[in-house]
Every structure is written in C-alpha cells, then in structure tokens.
Amino acid sequence: MKNFYFLIALISYLNLHSQSKCDEANSYLVSAYSHVKSSYEANNISHLKYYAHRSLESINLAKKTLSDCNCNKALEQANKALEVLAKVDNQPTYEDGRYFVKRAKAFSQQSVIEIDKCATSNYSMAPVEDDIDVNDTNDLADLKNEQAALLAQQKALKLKEAEIKRQLAEQKEKELLLKKEQLVVSYTKIIDMNIKTYNETLNTCNCGHQKISISNTLNDTSEKTIAEIKNFYTEQLKSLATSYLTELNTCNP
C-alpha cells in the first residue's frame, strides 16, 4: 500500500513539474509571438530584423523547457518558426525579410495554441500541418501576386518613360530640323542678295563680265550638322566674293 501511495505521489509530482515547465514555455512562446508580430508590423527593415531576433531568442528559451513539457506539437511549430526566423537577418530587402517574418508569425501563433492545449487535462491534438501549409501557400500566392503587380507597374512605368524619351527626342529632332531650315533660308537670302549686288555692280562698270552664280547647292540638310551647314554657305560666300573680285580686276574702264 505504501508503494502505491508513493507511486501516486511521484506521478503527481511529475505532472506538476511538467505543468510548471509548460507554463514557463508558454510564457516564452507568447513573448516570441508578440515580438514576431511587432516585426511583421514594422515599417522598416532595421526594426523588422530587431524584433525578429527578439522573437528568435524567446523561442530558444522556450525550447529549453518544451522538451520537458511533453508538448510535441508546440515544439514542432516552435522549431518551424525558429527555422524561418533564422533566415530573416540575411535578407537584403524589407519585402524579403517580411516574407519570412509572416511565415514565422503563423508558426509562432500555432505554437501558442498548442501549448495552451497542453495546459489542459483533456484535449485532442488536431493536425495543423495542413493548415500551415495552406496558409503558407496562400501567403506565397499573395506575395507572388503582389510581386507580379509591382513588376507590371514597373514595366508600365518603363514603357511610359521610354515613350516620353521618344517624344522628347522626336521634338528635339523637329526643333533641330527647323533650325537648319531657317539657317538655310537666311544664308540663301544673303547669297542671292550678294549675287544680285555683284552682277549689278559689274554691269554698271560695263566690263562684259561673266554672270556670277552658284553651281553647288546643299540639297539634304537633315543629315548635316549646324556647323556643316554654316561651313558650306561660308565657303559659298567666299567663292562668290572671289569670283566678283576676279571679274572686277579684269575690267578695263
């Protein structure tokens, strides 16, 4: 009989000891969930990583007592949360880090649910793996949709940018072509005026001169630069002046 009472007392002690360990683990897991939730709600990568690290520390503390708590489902979910939280610190962008934090938050929340179940005397351990997988799938699908939307926006912006650049280039081309045409008109007027003046002067001198004219013309100005156009007409003006002086020097009054 004494052995029987001793056995009952031992079982009671072990149950109380196990329950105490579960309460301690529960406290750490709740803290871990609180930190990972703060990480998920952070608006910059520094705060996101800081709270993710705090959550990771709390889960490591919970694991020390979870093994003695005999709550395998809570331990399993805590390990999954720990695995994804360990990847956060190496993520280069806020969006990349938040993806792993979101997964860790789901696992961490489930670990709290499981440890609460272990705190009661009667419960049935419902499988959560499928739920987590579904959540993970939905999370990944949401992120992929967000990424696709962002890529579409970026593509639209790039196309818009390219169209604006094309229009600006086209406008500049039109302005340059107009400037060239105006330059040709100005030089042509000056040359025509000089030819008329030179010929009238030689006629007045009654030198029997050859009529001064231009043999070369600039047909396509679109492929010429402003400098090339100016150089062409400057040479034309020089050639006219030379022809005029030559005729004038041969004139015998």
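The exercises below work through a predicted model of one protein, each with a solution in steps. Residues are numbered from 1 along each chain as its sequence is written, and side-chain values use heavy atoms, with hydrogens and water left out. Local features need pLDDT of at least 70 and side-chain atom pairs count only at pLDDT 80 or more, while totals for chains, interfaces and linings use all residues.

**Exercise 1. Describe the overall makeup of the protein.**

Step 1. Take the secondary structure, where helices (H or I, at least four residues) and strands (E, at least two) are DSSP runs numbered from the N terminus. The protein has 6 helices and 0 strands, in the order α-α-α-α-α-α along the sequence.

Step 2. Turn to burial. Buried means under 20% relative accessible area, exposed over 50%, and partly exposed in between (1.4 Å probe, protein chains only). Of the 253 residues, 29% count as buried.

Step 3. Add the surface, computed by the Shrake-Rupley method with a 1.4 Å probe; for residues, only the protein chains shown count as cover. The accessible surface comes to about 16,800 Å², and 53% of this belongs to carbon and sulfur atoms.

Step 4. Look at contacts (heavy atoms within 4.5 Å). Among contacts with a separation of 6 or more, 70% join residues 24 or more positions apart.

**Exercise 2. Compare the spans of H3 and H6 with expectation, and list their buried residues.**

Step 1. The expected span of a helix is 1.5 Å times one less than its number of residues.

Step 2. H3 has 14 residues and reaches 20 Å from its first C-alpha to its last, close to the 20 Å expected. H6 (residues 226-249) has 24 residues and reaches 35 Å, close to the 34 Å expected.

Step 3. H3 is mostly covered, with 10 of its 14 residues buried. They are Lys73, Ala74, Leu75, Gln77, Ala78, Lys80, Ala81, Leu82, Val84 and Leu85. In H6, the buried residues are Ile226, Ile229, Tyr233, Gln236, Leu240, Tyr244 and Glu247.

**Exercise 3. Locate the nonpolar cores and follow Leu66.**

Step 1. A nonpolar core is a set of buried Ala, Val, Leu, Ile, Met, Phe, Trp, Tyr and Cys residues joined through side-chain atoms within 4.5 Å.

Step 2. The largest such core has 30 residues, of which Leu29, Ile59, Leu66, Leu85, Val88, Val101 and Ile115 touch the most other members. Helix H1 (2-41), H2, helix H3 (72-85) and helix H4 (94-118) each supply at least two residues of this core. Apart from it lies another core, of 14 residues, including Leu183, Ile195, Tyr198 and Leu218.

Step 3. Beyond its neighbours within four places in sequence, Leu66 is in contact with Ala25, Leu29, Cys71, Ala74, Leu75, Ala78 and Ile115.

**Exercise 4. Place Cys69, Lys105 and Val184, and name a partner that is distant in sequence for each.**

Step 1. Cys69 lies in helix H2 (residues 45-69). Cys69 counts as buried because its relative accessible area is 4%. From Asn26, Cys69 is 43 residues away in sequence and 9.9 Å away in space, C-alpha to C-alpha.

Step 2. Lys105 belongs to helix H4. Ser39 and Lys105 are 66 residues apart in sequence, with 9.0 Å between their C-alpha atoms. Not counting residues up to four places away, Lys105 touches Tyr33, Val36, Lys37 and Tyr40.

Step 3. Val184 is part of helix H5. With a relative accessible area of 15%, Val184 is therefore buried. Val184 and Ile229 are 45 residues apart along the chain, and 7.5 Å separates their C-alpha atoms. Leaving aside neighbours within four places, Val184 is in contact with Thr221, Ile229 and Tyr233.
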